[in-house]
Structures are given as C-alpha cells and as structure tokens.
Amino acid sequence: MSTMLTLLDAFDDLPQSRKLRERSYEALGDTVVDVGCGAGRAVGELAARGARAIGVDLDPAMLEVAAERWPTAEFHVADATDLPLEDGSVTGYRADKLLHALAEPERAVAEARRVLAVNGRAVLLGQDWDTFLIDSDDPELVRTLVHARADRLPHPRVARRYRNLLLDHGFTDVTVEVHTFVWTDPAILPLLANLGEGPWLDEQAERGRDDRLFVALPIFLASGTRLP
C-alpha cells in the first residue's frame, strides 16, 4: 500500500488537485460523506470548513492511515454500495477516484441517492482510464500501454458515464466539468511507470531531463441534486 499511498499523496499535493478538491466541496452542505476516502484528506479538509465529514473506505489499512492523520475525524470501513448511514441523513455525497474500481458502479450511485437528503448534492470525480495524452516517439505503443492498463480495472471508462448514471438514478441539475492536468516535468514518471517500463519509460525519463516531457490527464467532475 505504501507505493500507492505515495502516488496518491503526490497527486493530491499538486496545486491542480487542491483547486479541484475545493471545487468539489461546493454546495455539499453541512453533513458530507466522502466514499472511497482513502487516507482521508478530503474528510479533513471538509471538517476544517465546518462540515460534519464522514469518511468511508473498504480498506482498513488505508483508514488506519486516515485516522492517524485526522484523529478527530469520523471514519468507517464499509462498501460503497452499503453505507452505514440512514436514509436521507447527509446533505452531500462525494466519491473521488472510486467508481472505476467497483464491479457495479450503478449500485454505488443508487446508494448515494438513498443516503442523501432531498436537495442534497452528489459529486463524482475521476479519470477516464483510456485517456492519457502522452507525447512519445512511439504513439502506437502508448495506445497499447494505456489500453492495457485500463483493461485491468472493472470499469475504466465509467467517468464518461457519470452524467448518465446520475440522470438514471433520479438526479437533476446534473452538470459535468473537465479539468485537465498537465505535466512537463519528471514528477510524473512514477505514474508513467504504472503504464510501462523498459525503453519506453527510459524515453520518457530522457524527455524529462531534456524538458521535452508532455503528459495530460483529463479529470471529470459531475454533480447532481437529489429530488424527492
């Protein structure tokens, strides 16, 4: 888990990530559940904004880290499709980098609707795993590597379905935004190592040394309001 946590921390520390998190917190109200909360950064930040923030994750080890980092926050080990919350008990629901990892993401969205109060707001964030934009001397290989990495996930393209998932489960005022992260420095190399190694990664490292690296990653933010 340490490698994954290191990558997540590095990603969350980016200025673009901080700005996107702030955007995702808007209009969530005073009682918010962050599902798939990981190490709990959003829970801590929401609590600092005055909300009652509840973190939920299926990984007990990750929640141990969250509890160490945010000792006064509330965390629960639970599945995204079976939250330990009463019907209509929260004003905001947030799921970041989660739905692509679920076998049935539609069940998680149905659960979001259940726990949200009337006029509560749901926010879904994540990337489309087929959409890494990487400059390379071998674009065909990049396409192969990106698709191979995506195919290891249960639902790698669910982000492009966020809007329809919310509409299908009775949400209204549904909006979708795309926030594109761009890297031109070697800080992105650990993430690229998850796509491929060998000569291709060596090429990217050389690009980084020569100030010729270019990686772009679109992140989708969709939100909707729960009606009666």
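Helices (H or I, at least four residues) and strands (E, at least two) are DSSP runs, numbered from the N terminus. By that rule, the protein has nine helices and eight strands. The model is predicted: local features need pLDDT of at least 70, side-chain atom pairs count only at pLDDT 80 or more, and totals for chains, interfaces and linings use all residues. Residues are numbered from 1 along each chain as its sequence is written, and side-chain values use heavy atoms, with hydrogens and water left out.

**Overall size and burial**

- The radius of gyration, taken over C-alpha atoms, is compared with a globule rule of 2.2 Å times the number of residues to the power 0.38.
- For 228 residues, a compact globule would have a value near 17 Å, and the 18 Å of the protein agrees with that.
- Along the principal axes, the C-alpha atoms fill a box of roughly 55 × 40 × 25 Å.
- A residue is called buried under 20% relative accessible area, exposed over 50%, and partly exposed in between (1.4 Å probe, protein chains only).
- Accessible areas come from the Shrake-Rupley method with a 1.4 Å probe, and for residues only the protein chains shown count as cover.
- Of the 228 residues in the protein, 50% are buried.

**Salt bridges**

- Side chains of opposite charge can pair when their charged atoms come close.
- A salt bridge here is a side-chain nitrogen of Lys or Arg within 4 Å of a carboxyl oxygen of Asp or Glu.
- The structure holds 21 salt bridges.
- One of them joins R41 and D9, with 3.8 Å between the closest N and O atoms.
- R41 lies in helix α3 (residues 41-48) and D9 in helix α1 (residues 2-12), so this salt bridge ties together parts that are 32 residues apart in sequence.
- R41 and D9 are both buried.
- R41 also meets D13 in a salt bridge, at 2.7 Å from N to O.
- D13 sits in the loop between α1 and α2 (15-25) while R41 is in helix α3, so the pair ties together parts 28 residues apart in sequence.
- The two partners differ in cover: D13 is partly exposed because its relative accessible area is 42%, whereas R41 is buried because its value is 19%.
- R207 and D137 form another salt bridge, at 3.1 Å from N to O.
- This pair links distant parts of the chain, 70 residues apart: R207 is in helix α9, and D137 is in the loop between β6 (133-134) and α6 (139-150).
- R207 is buried because its relative accessible area is 13%, while D137 counts as exposed because its relative accessibility is 64%.
- Salt bridges that share partners also join D12, D34, R94, D96 and K97 into one network.

**Surface patches**

- Patches are made of residues with over 30% relative accessible area and no salt bridge; like charges are joined within 9 Å, and nonpolar side chains (Val, Leu, Ile, Met, Phe, Trp, Tyr) within 5 Å.
- Lys and Arg count as positive and Asp and Glu as negative, while His and the chain ends are not counted.
- The place of a charge is taken as NZ of Lys, CZ of Arg, CG of Asp or CD of Glu.
- D185, D202, E206, D210 and D211 form a negative patch on the surface.
- A nonpolar surface patch consists of L133, V182 and F214, which together have about 240 Å² of accessible area.
- L133 belongs to strand β6, and it is partly exposed because its relative accessible area is 43%.

**Positive phi angles**

- Most residues other than glycine have a negative phi, and most peptide bonds are trans.
- K97 is not a glycine, yet its phi is positive, at about 55 degrees.
- K97 is placed in the loop between β4 and α5 (105-115), and it counts as partly exposed because its relative accessibility is 31%.
- D211, also a residue other than glycine, has a positive phi near 60 degrees.
- D211 is in the loop between α9 (199-209) and β8 (215-226), and it is exposed because its relative accessible area is 54%.

**Two separated loop residues**

- E86 is in the loop between β3 (74-77) and β4 (90-96), and it is exposed because its relative accessible area is 62%.
- The C-alpha atoms of E86 and D211 are separated by 52 Å, and the two residues are 125 residues apart along the chain.
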